[in-house]
Amino acid sequence: MKGLALCLELNDDYFHDKFNPAFPMMALWHYPPVPGDSDSWGVGPHTDYGVLTLLMQDSVGGLQVKTKCGDWIDIPPITGR
């Protein structure tokens with residue numbers, strides 16, 4: 001969390017009182033590809049738990065987020081990132 005705080009140009013102890021005691025956990029997930037002509041999902045709707053989610057996307061996309069109003073919106077991949 002110190003590294004994240006520094007990357008956000010905050011003091012290195014910014015998150016200390018927000019995540020104390022620490023909850024060290026790491027999960028790696030692989031979502032299998034789904035053929036374009038399929039109406040099935042690679043993984044069903046879910047929320048990520050924890051503090052930080054890093055997602056590697058490709059040009060296919062598929063990431064959506066649920067708004068506070070309950071609508072699902074597409075999040076397009078950002079090229080070159």
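Here are some worked exercises on the predicted model shown above.

## Exercise 1: The overall fold

Task: Work out how many helices and strands the protein has, and in what order they run.

Solution:
- Step 1. Start with the count: the protein has one helix and two strands.
- Step 2. Now read from the N terminus, where the order of elements is α-β-β.
- Step 3. Place the elements with known ranges: helix α1 covers residues 2-7, and strand β1 covers residues 64-66.

## Exercise 2: Comparing the chain with a globule

Task: Set the radius of gyration of the protein against the value for a compact globule of 81 residues.

Solution:
- Step 1. The reference value for a compact globule of 81 residues is near 12 Å.
- Step 2. The protein itself comes to 16 Å, in contrast to that reference.
- Step 3. For the extents, follow the C-alpha trace along its principal axes: the spans are about 50 × 30 × 30 Å.
- Step 4. Add the burial figure, which is 2% of the 81 residues.

## Exercise 3: Classifying the aromatic pairs

Task: Find how many aromatic pairs the structure holds, and classify each by its geometry.

Solution:
- Step 1. Recall what is needed: a pair of aromatic rings is described by the distance of the centres and the angle of the planes.
- Step 2. The structure holds two such pairs. In one of them, Y14 and F15 have ring centres 5.0 Å apart and planes at 90°; an angle over 60 degrees counts as edge-to-face, so that is the class of this pair.
- Step 3. F15 also pairs with F19, with 6.1 Å from centre to centre and 55° between the planes, and this pair is tilted.
- Step 4. Put the pairs together: Y14, F15 and F19 make up one aromatic cluster.

## Exercise 4: Burial within the cluster

Task: Decide for Y14, F15 and F19 whether each is buried, partly exposed or exposed.

Solution:
- Step 1. F15 has a relative accessible area of 13%; this is under 20%, so F15 is buried.
- Step 2. Y14 reaches 38% relative accessibility, which makes it partly exposed.
- Step 3. F19, at 34%, is likewise partly exposed.
- Step 4. Finally, look for a charge by the cluster: K18 lies over the face of Y14, 4.4 Å from the ring centre.

## Exercise 5: Reading the largest pocket

Task: Describe the volume and lining of the largest pocket.

Solution:
- Step 1. The space in the largest pocket is about 2300 Å³.
- Step 2. Its lining is made of 45 residues, and those nearest the centre are Y31, H46, D48, T53 and L55.
- Step 3. Sort the lining by class: 28 residues are nonpolar, 14 are polar and three are charged.
- Step 4. Ask which element gives the most to this lining: the answer is strand β1, with three residues.

## Exercise 6: Backbone features in a loop

Task: Locate the cis peptide bond and the positive phi value, and describe P21 and E9.

Solution:
- Step 1. The cis bond joins N20 and P21, with omega at about 10°.
- Step 2. P21 sits in the loop between α1 and β1. Its relative accessible area is 69%, and so P21 is exposed.
- Step 3. The positive phi belongs to E9, a residue other than glycine, with a value near 60°.
- Step 4. E9 is placed in the loop between α1 and β1, and its 75% relative accessibility makes it exposed.

## Exercise 7: Sequence separation and space

Task: For A5 and H16, and for M26 and D37, give the separation along the chain and in space.

Solution:
- Step 1. A5 belongs to helix α1 and is buried, at 0% relative accessibility.
- Step 2. A5 and H16 are 11 residues apart along the chain, with C-alpha atoms 9.9 Å from each other.
- Step 3. M26 lies in the loop between α1 and β1 and is exposed, with a relative accessible area of 69%.
- Step 4. M26 and D37 are also 11 residues apart, and 33 Å separates their C-alpha atoms.
- Step 5. For a further pair, take P21 and T47: these are 26 residues apart along the chain, and their C-alpha atoms are separated by 23 Å.

Definitions and conventions:
Residues are numbered from 1 along each chain as its sequence is written. This is a predicted model: local features need pLDDT of at least 70, side-chain atom pairs count only at pLDDT 80 or more; totals for chains, interfaces and linings use all residues. Side-chain values use heavy atoms; hydrogens and water are left out. Rings of Phe, Tyr and Trp (its six-membered ring) pair if their centres lie within 6.5 Å; planes under 30 degrees apart count as stacked, over 60 as edge-to-face and the rest as tilted. Buried means under 20% relative accessible area, exposed over 50%, partly exposed in between (1.4 Å probe, protein chains only). A charge sits over a ring if NZ of Lys or CZ of Arg is within 6 Å of the ring centre and within 35 degrees of the ring normal. On a 1 Å grid over the protein atoms alone, a cavity is a set of points where a 1.4 Å probe fits but cannot get out, and a pocket is an open set with protein on both sides within 12 Å along at least five of seven lines; lining residues have an atom within 4 Å of a point. Grid points are joined across faces, edges and corners, and a volume is the space filled by probe spheres set on the points. Helices (H or I, at least four residues) and strands (E, at least two) are DSSP runs, numbered from the N terminus. Ala, Val, Leu, Ile, Met, Phe, Trp, Tyr, Cys and Pro count as nonpolar, Asp, Glu, Lys and Arg as charged, and the others, Gly among them, as polar. The radius of gyration is taken over C-alpha atoms; the globule rule is 2.2 Å times the number of residues to the power 0.38.
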